[in-house]
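The following paragraphs guide the reader through a protein model, strand by strand and then into its interior. Please keep the sequence and the coordinates in view while reading.

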Amino acid sequence: MTGVSKATIRKSVLRNYGFCRVAVSSPEVKVANVDFNCQEIEAVIDSASTAGVDVIVFPELCITGYSCGDLFYQQTLLEHARRALVRLASKTKASSQAVIVGLPLLEQGKIFNCAACIVGGEILG
């Protein structure tokens, strides 16, 4: 196979047998620094895409940091987290990767510790 890289062949073989490449990442996170955390997550997405990863799983509350304590009750942090989720979704628009990230979401007056699944620019849940 002239002109075809080993990585392309390996990826094709994996898919032919129903396998997918899954990565788990624990990026550097700063408590309540949503912009920094989102940049770190985006860097991992880029790296994983280059490595042919199909599914990337990030930690619980990785968008905000886990130990925000009372800050989880601040509307500003919750809004930033939601905007970061949309930003990450737009990052995956041209990709078939599934990206799973953790964030706090305010729904019907209650805060939930959620895992969001993003594929092809869409937030699936």
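In this predicted model, V119 stands opposite E122 of strand β5. The pair belongs to the junction of β4 (residues 110-119) with β5, where two bridges join strands that run antiparallel. These strands are part of an open sheet of five, ordered β1-β2-β3-β4-β5, with mixed pairing. Its edges are β1 (22-24) and β5 (122-123), each of which pairs on one side only. Strands of a sheet pair through backbone hydrogen bonds, in either a parallel or an antiparallel sense.

Both senses can be followed from β3. On one side, β2 and β3 run parallel and are joined by three bridges; V55 stands opposite A98 in β3. On the other side, β3 and β4 are antiparallel and share ten bridges, with P104 taking N113 of β4 as its bridge partner. The same two strands, β3 and β4, form a hairpin with two residues between them. In that turn, Q108 has a positive phi of about 50 degrees. Strand β3 is mostly covered, since seven of its ten residues are buried.

Two helices can now be placed against this framework. Helix α3 lies across β3, β4 and β5, and runs at about 155 degrees to β3. Helix α2 comprises 17 residues, 34-50, and spans 24 Å from its first C-alpha to its last, close to the 24 Å expected at 1.5 Å a residue. Just after α2, G52 adopts a positive phi of about 80 degrees.

Which residues of α2 are buried? They are V34, F36, N37, C38, I41, E42, V44, I45 and A48. An α-helix has 3.6 residues a turn, so residues three or four places apart point the same way. In α2, the buried residues include I41, V44, I45 and A48, and the cover over the helix's buried residues includes β2 (55-57), α3 (75-91) and β3 (98-107).

A48 illustrates this setting. Residues count as buried under 20% relative accessible area, and A48 is therefore buried because its value is 7%. Beyond residues up to four places away in sequence, A48 touches V53, I56 and Q97. A48 is also 9.7 Å from R21, C-alpha to C-alpha, although the two are 27 residues apart in sequence.

The contact with I56 leads into the interior. Leaving aside neighbours within four places in sequence, I56 is in contact with A23, V44, I45, A48, Q97, A98, V99 and I100. I56 is also among the residues that touch the most other members of the largest nonpolar core, together with I41, F58, I63, L88 and V101. This core holds 27 residues, and the elements giving two or more residues to it are α2, α3, β3 and β4. In soluble globular proteins, nonpolar side chains tend to be buried together.

What remains is the state of the cysteines. How many disulfides does a search of the whole structure find? It finds zero. C62 is in no disulfide, and the nearest cysteine sulfur, that of C38, is 9.2 Å away. A disulfide requires sulfur atoms within 2.5 Å, so the 9.2 Å separation of C62 and C38 does not qualify. C62 is buried, with a relative accessible area of 3%, whereas C117 is partly exposed at 24%.

How values were computed. Residues numbered from 1 in each chain as written. Predicted model: local features only at pLDDT ≥ 70, side-chain atom pairs only at ≥ 80, totals over all residues. Heavy atoms only, no water. Helix = DSSP H or I, 4+ residues; strand = E, 2+ residues; numbered from the N terminus. Expected span 1.5 Å × (residues − 1). Buried < 20%, exposed > 50% of the residue type's maximum accessible area, 1.4 Å probe, protein only. Contact = heavy atoms within 4.5 Å. Pairing = 2+ DSSP bridges. Axes fitted to C-alpha atoms, helices over the stretch in contact; angles between N-to-C directions. Core = buried A, V, L, I, M, F, W, Y, C linked by side-chain atoms within 4.5 Å.
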